[in-house]
Amino acid sequence: MTTAVPYTDNSAGPGRLSGHLDTLRPYDLVALPHVAAAGAVLCAPTADPARVVLAVLVTLSACASALYAADYLTRHDDFTTKPHRPIPSGRLPCPTAKRCAGLTAAIAVTITCAVNWHGLVFIAVAAVAQAAYAWRLKGMGLWGDLAVGFSGWTCALLTAATFTSSWPPLALWPAAVAFGLQGTFSNTLLALGDVDTDRAVACRTLPVRVGCDGALASMAVCALACYLLIAVAPTALDRAPAPAFLGLTVSGALLALGCLILARTHHRPRLRVATELHLYERLALPGALLALANHPLSALTLASVGACVMAFTRRTMLER
């Protein structure tokens, strides 16, 4: 086990920049504009583009705040098990992480208040769930995965929906729950890769509690339920399933299946490939919903741009 060593803030400018980039995880953030855009345009396909852009900005700001705060709140475990991360390595001082979390949260809250205060309800739910995960739920198995999945993805979609409607319509909730299940799948997959280090710090994540096979069974249920809900989304939203919707949905389902097949081997190199597949899957699902809102060209363009961003961004925070 690596001994935790207090860092000193000797990092130069480029080091600081890499610390922020690693904390913000571009390969994670790149899917959020798709989610926010889908939430906004599904409520109003002819919505003012400025409101859609503001919904994207709020979603990115809120997620950035959550990432800074999460790394700050869980820094003690990282000193022991992941000393290469920005805070333990000294590339991101603790006070800077706190200030960035507060600043990005303030941006999200201010814009949401100016547009529609109803969105604050979902931002508040997400903030409480993320804090609970960092303080307690991470070690409570599936509850922690559900908290991350639904706070990060369901709340993002619903917050964005308040930028083009007073409240998210009931017809949008099946898609919102589907995003939460995909986020739960994602967090469990990451926990599979961290099972040894989580055991080392006595953090009882789902794979630690029920074993890798039990965690994979949970992931399979989440994936199945997710894509069943997406399949009923056209009926719930009273929209015709365009070819782009069908193509992106099938692509996402196949990527999820490939992820499960690779992860069940428990071999670290294959688990890393499974994680890569899942990152691309997370672009397919919001792309499908954008296509459902009669924006097939935007859906395919955003998915392609997002895939390029992921192809050229490093995965430092996924290293073990």
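**Figure 1. Salt bridges in a predicted model.** Welcome to this structure, which holds four salt bridges. Keep in mind as you look around that the model is predicted. One of the salt bridges joins Asp71 to Arg25, and their closest N and O atoms are 3.0 Å apart. This pair ties together distant parts of the chain, with the two positions 46 residues apart. Asp71 belongs to helix α4 (residues 49–73), while Arg25 sits in the loop between α1 (13–24) and α2 (26–29).

**Figure 2. Helix α3 beside helix α14.** Here we meet helix α3 (residues 32–43) and helix α14 (residues 268–292), which pack at an angle of about 20° with their axes 9 Å apart. Angles under 35 degrees count as roughly parallel, and α3 and α14 are therefore roughly parallel to each other. Their crossing is left-handed. From α3, the contact is made by His34, Val35, Ala37, Ala38, Val41 and Leu42. Helix α14 brings Leu283, Pro286, Leu289 and Leu290 to meet them. Sorted by class, the contact of α3 with α14 has nine nonpolar residues and one polar residue, with no charged ones.

**Figure 3. Helix α14 again, now with helix α15.** In this view α14 is shown with helix α15 (residues 296–311); the two axes come within 8 Å and cross at roughly 165°. Helices α14 and α15 are therefore roughly antiparallel to each other, and their crossing is right-handed. On the α14 side, look for Leu279, Tyr280, Leu283, Gly287, Leu290 and Ala291. Their partners in α15 are Pro296, Ala299, Leu302, Ala303, Gly306, Ala307, Met310 and Ala311. The contact of α14 with α15 divides into 12 nonpolar and two polar residues, and no charged residue takes part. Leu283 and Leu290 of α14 may look familiar, as they also help to make the contact with α3.

**Figure 4. Helices α12 and α13 side by side.** Next come helix α12 (residues 206–237) and helix α13 (residues 243–263), whose axes come within 11 Å and cross at roughly 175°. The pair α12 and α13 is therefore roughly antiparallel. Helix α12 offers Leu216, Met219, Ala220, Tyr227, Ile230 and Pro234. Across from them, α13 supplies Phe245, Thr249, Gly252, Ala253, Ala256, Leu260 and Ala263. In the contact of α12 with α13 there are 11 nonpolar and two polar residues, and none is charged.

**Figure 5. Where the prediction is more and less confident.** The chain averages a pLDDT of 88, and 94% of the residues score at least 70. Confidence is highest in helix α7 (residues 94–115), at a mean of 95, and lowest in helix α5 (residues 75–81), at 77. Over residues 1–13 the pLDDT is below 50. Beyond near neighbours in sequence, that stretch has 23 contacts in the model.

Notes
Residues numbered from 1 in each chain as written. Predicted model: local features only at pLDDT ≥ 70, side-chain atom pairs only at ≥ 80, totals over all residues. Heavy atoms only, no water. Axes fitted to C-alpha atoms, helices over the stretch in contact; angles between N-to-C directions. Helix = DSSP H or I, 4+ residues; strand = E, 2+ residues; numbered from the N terminus. Parallel < 35°, antiparallel > 145°, perpendicular 65-115°, else oblique. Left-handed = near helix turned anticlockwise from the far one by under 90°. Contact = heavy atoms within 4.5 Å. Nonpolar A, V, L, I, M, F, W, Y, C, P; charged D, E, K, R; others polar. pLDDT = per-residue confidence, 0-100. Salt bridge = Lys/Arg side-chain N within 4 Å of Asp/Glu carboxyl O.
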